[in-house]
Structures are given as structure tokens and as C-alpha cells.
Amino acid sequence: MSGSSRSSRSCDVVVVGAGAMGSSAAWWLARRGLDVVVLEQFEAGHVRGSSHGSSRIFRLAYPDRRYVAMAAEALPLWGELSDEAGVALLRTVGGLDHGYEPSVRAVADAMAAEGVAHSWLSAEEAAARWPGLVFTSPVLFQPDAGSTDARSTVAALQRLAAARGAELHFSTPVLDVAETPSGVRVTTAAEEFVAPVAVVAGGAWMPRLVAGLEPIVVTQEQVFHFSPRTAETEWPTFIHHQRPFMYGLPAPSPEGIKVAEHHTGAPVDPDTRDFAIDPAGQARVVDYVERWLPGLDPGVASAATCLYANTATEDFIIERRGNLVIAAGFSGHGFKFTPLVGRLLADLATP
Ligand SMILES: Cc1cc2nc3c(=O)[nH]c(=O)nc-3n(C[C@H](O)[C@H](O)[C@H](O)COP(=O)(O)OP(=O)(O)OC[C@H]3O[C@@H](n4cnc5c(N)ncnc54)[C@H](O)[C@@H]3O)c2cc1C
């Protein structure tokens, strides 16, 4: 369809991408009374990007004080979002870090420096409280950690943004994002959207949407759910500092306990990836469950793939460049910040 036959629509902000970050930006912008158009290439609830599936860890336990502070700022916003959505999107279960001690200690030091509550337990004390896990070294406990309901969070953000007037277009791929003297022109097959500013939150597809970004390597990661042997056992979120880092958390029932390796996936093209589970990786996780998680039945209950969009440092790109607000490189640890990132993007879009 030639440019002339495309209809044109002007608005205050165009948001490209309705994953966790774009949907959160739309929510904040719509709350501020702005005329927001959201363009998403796939259907609502799709499983091709980084924000689908059962659950994500919310934690304040980071070795980097910046992320401890960001998580502390995000925590009350999860409450605000849940209140507006009328459903608890973050379930607080407490979080554990254990394993390679210098690595775990760095997390404790960062939390201490930020004044975040935490405590140490001996391996025996931790095993008594959480009999589903095995510990061989001191365990760092942080009480505010929890499990966020990923699928419901993205759906709630979209529902709330729409309820406040945002216009969400699914199955509407953006073909081009261009800056103009007065703002931006965002082109789809059938329409052009013009606005003073665009928030571009395209996840793994960001390098195709915005030129000149620092390198982002997209990897296909895989996660597994296992059934607890007994319903009584208490399950925290957990991160095992070893090579590779292992993590897990209780997913919304009936999905069980999610267990996975952090950042062991192969680089992929987000448009041609195979969504296939790597059997060797699955076998490693099952071995891990048999060794370290006796509270779980080692039979895989379900498996899924998902995309990390990794910057070299695993730091996020959240900035404004001209008339574009960029949200990229969430590197496998962005979800916990979703309600905060949306506000940061909205602030950048409406200075
Ligand atoms: C296996 C796994 C486990 C994780 N665990 C955790 C965890 O425990 N804790 C945590 O905090 N984080 C975790 N994360 C990270 C977190 O899920 C991501 O950082 C977050 O979901 C990124 O959201 P996003 O909006 O940037 O990306 P996405 O959800 O991928 O959103 C980008 C959207 O842009 C759309 N788009 C792209 N190009 C176009 C176009 N041309 N036109 C229109 N739309 C377009 C895409 O279709 C997509 O919907 C995990 C990630 C994975 C993969």
C-alpha cells in the first residue's frame, strides 16, 4: 500500500511493543490523560517475546546497589498496580541466595548499603525452614522477594491502559519508526501514526526498530515447571550462585515450581527461532532438581522457551534520544521493575 493511501492518525504518544515495558508505559501515559496508541505485531497474550508465561522473580537481592534501589522503588508500585487491577500480581514468599560465598556476600553488602532488610541462616536452619531445597553453605534471606504473575500482569496493564483510553492495536507490525521535525511518524501496513514522541519497547526486535543501539544479543532461554511432592512445603524464590546460576520460584497454581538455568541459551533470530527445548539443557535441569531440590518430583511438568535481549553488561537501556524514548536490553532480569520502568518511560516521553 503506497504512503498516500495509508490513513493517518495523530496522537500524543505512540508506543511500539506491548510486552511488559510497552504495556506499562501505556498504563502510565493513559493515567496521565494522554492520547496513547499502542502497536503490537502479534496477538494479545502471545508467547514469542520475553514477557509471557507463568511467573517472574521479584527480588531486591542484587550485588549492584543501583538495582537494589530500583527494586525498592518498584515494590510499592506493584501494590499500586495490583490495587488498580483488583488482583494480587506479586505474591511475597521471601527470597534466598546461596552457593558461591563471595558472590552471595556481594549481594548482602549491596543490600546493607541500601538499608534493605536481610538475614543470614546456616545451611541447617535454612533446610529446616525450606525442606524442599538442599543447602551446603550459609543462606542469605530477603523477606520482600516474591513471585510475580507475568501473564496476568501484562494483561492487566493492557486492560487498565485501554480502560483509560489507550488504543491498542494487536497483530499490527510496525514497519518503520521515523523522526520528523515535529516528532515521529510510525508506519504500519495500513496506517501512519504521528505524534510528538514515540516510546519504542520492542524487546528482542529493538535493533531492527532503532538504529545505533549498543549491541543486543538475543538468546533463546528455557524454563521448566516441576510438581512439589507435598502441598505443605513452603517454597521461596531462590538463586543458586554457581555456574551456571540456577533460579526458581513458585508459579501460580497449578503450574508448580519453576526452575531454570540463567543465561545458557543460544543466540537466535527472534523471527526464525525454533521454540524447541534443548534436551541437554533439560537433562541438566532435571539433574539439578534431583540433586538440590528433593521437594520436587523430577519429572518435567511443563517446559517453555523465552527470549533474553542481552546487553553486554546486562544493564538496561532506558533513555530518550531526540523524539524517541528507548526501552531495551532487559537481559533476563527486567520484569520485576515493570511498573517502575513504565513510569520512567512516561516521564521521558512527557518531560
Ligand atoms: C526465561 C526468562 C526468565 C526470566 N525471569 C525473570 C525473572 O525471574 N525476574 C525478572 O525480573 N525478569 C525475568 N525475565 C526478564 C523479563 O521477562 C524481561 O526483561 C521482560 O519481559 C522484557 O519485556 P519487554 O517488554 O522489553 O520485551 P517483550 O515482552 O518481548 O516485548 C516487546 C514487544 O515488542 C513487540 N514488537 C517488536 N517489534 C515490533 C514491531 N515491529 N511492531 C510491533 N510490535 C513489535 C514484540 O512482539 C513484543 O510483544 C526473564 C526472561 C526470560 C526470557
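The exchange below covers the ligand site, the two domains and some backbone details of a predicted model.

Biologist: Which residues come nearest to the ligand?
Modeller: The shell around the ligand holds 33 residues. Five of them come nearest. They are Glu40, His46, Ser51, Ile57 and Cys306.

Biologist: How far is the polar side-chain atom of histidine 46 from an oxygen atom of the ligand?
Modeller: His46 is one of the nearest residues. A polar contact needs N or O atoms within 3.5 Å. The side chain of histidine 46 meets that cut-off, with its polar atom and the ligand oxygen separated by 2.7 Å.

Biologist: Which residue has a polar backbone atom 3.4 Å from a nitrogen atom of the ligand?
Modeller: Backbone atoms also face the ligand. At alanine 201, a polar backbone atom is 3.5 Å from a ligand oxygen. For the ligand nitrogen, at 3.4 Å, the backbone atom belongs to glycine 332.

Biologist: How much of the ligand's accessible area does the protein cover?
Modeller: On its own, the ligand has 1000 Å² of accessible area. The share covered by the protein is 96%.

Biologist: Which element gives the most residues to the shell around the ligand?
Modeller: Helix H1 (20-31), strand E4 (55-58) and strand E20 (296-310) each supply at least two residues. The top contribution is 3 residues. That element is E20.

Biologist: How many residues of the shell are charged?
Modeller: Sort the shell by class. Nonpolar residues number 17, and polar ones 13. The charged residues number 3.

Biologist: What separates the centres of domain 1 and domain 2?
Modeller: Domain 1 spans 1-54 + 149-215 + 314-351, and domain 2 spans 92-146 + 217-310. Each gives at least three residues to the ligand shell. Taken over C-alpha atoms, their centres are apart by 30 Å.

Biologist: Which three residues supply 32% of the area that domain 1 buries against domain 2?
Modeller: The contact takes 18 residues from domain 1 and 20 from domain 2. About 1400 Å² is buried between them, with 47% from carbon and sulfur atoms. On the domain 1 side, no other three residues supply more than Ser54, Ala204 and Arg208.

Biologist: Where is the proline that a cis peptide bond joins to arginine 243?
Modeller: Omega of that bond is about -10°. The proline is residue 244. Proline 244 sits in the loop between strand E16 (237-241) and strand E17 (246-250).

Biologist: What is phi of glutamate 314, in the loop between E20 and strand E21 (317-321)?
Modeller: Glutamate 314 is not a glycine, yet its phi is positive. Serine 171 has a positive phi too, about 50°. For glutamate 314, phi is near 65°.

Key
Residues numbered from 1 in each chain as written. Predicted model: local features only at pLDDT ≥ 70, side-chain atom pairs only at ≥ 80, totals over all residues. Heavy atoms only, no water. Near = heavy atom within 4 Å. Polar contact = N/O pair within 3.5 Å; in protein donor to acceptor, adjacent residues only side chain to side chain. Areas by Shrake-Rupley, 256 points an atom, 1.4 Å probe, with all protein chains shown as cover. Helix = DSSP H or I, 4+ residues; strand = E, 2+ residues; numbered from the N terminus. Nonpolar A, V, L, I, M, F, W, Y, C, P; charged D, E, K, R; others polar. Domains from an automatic or database assignment. Contact = heavy atoms within 4.5 Å. Buried area = accessible area lost by both parts, 1.4 Å probe.
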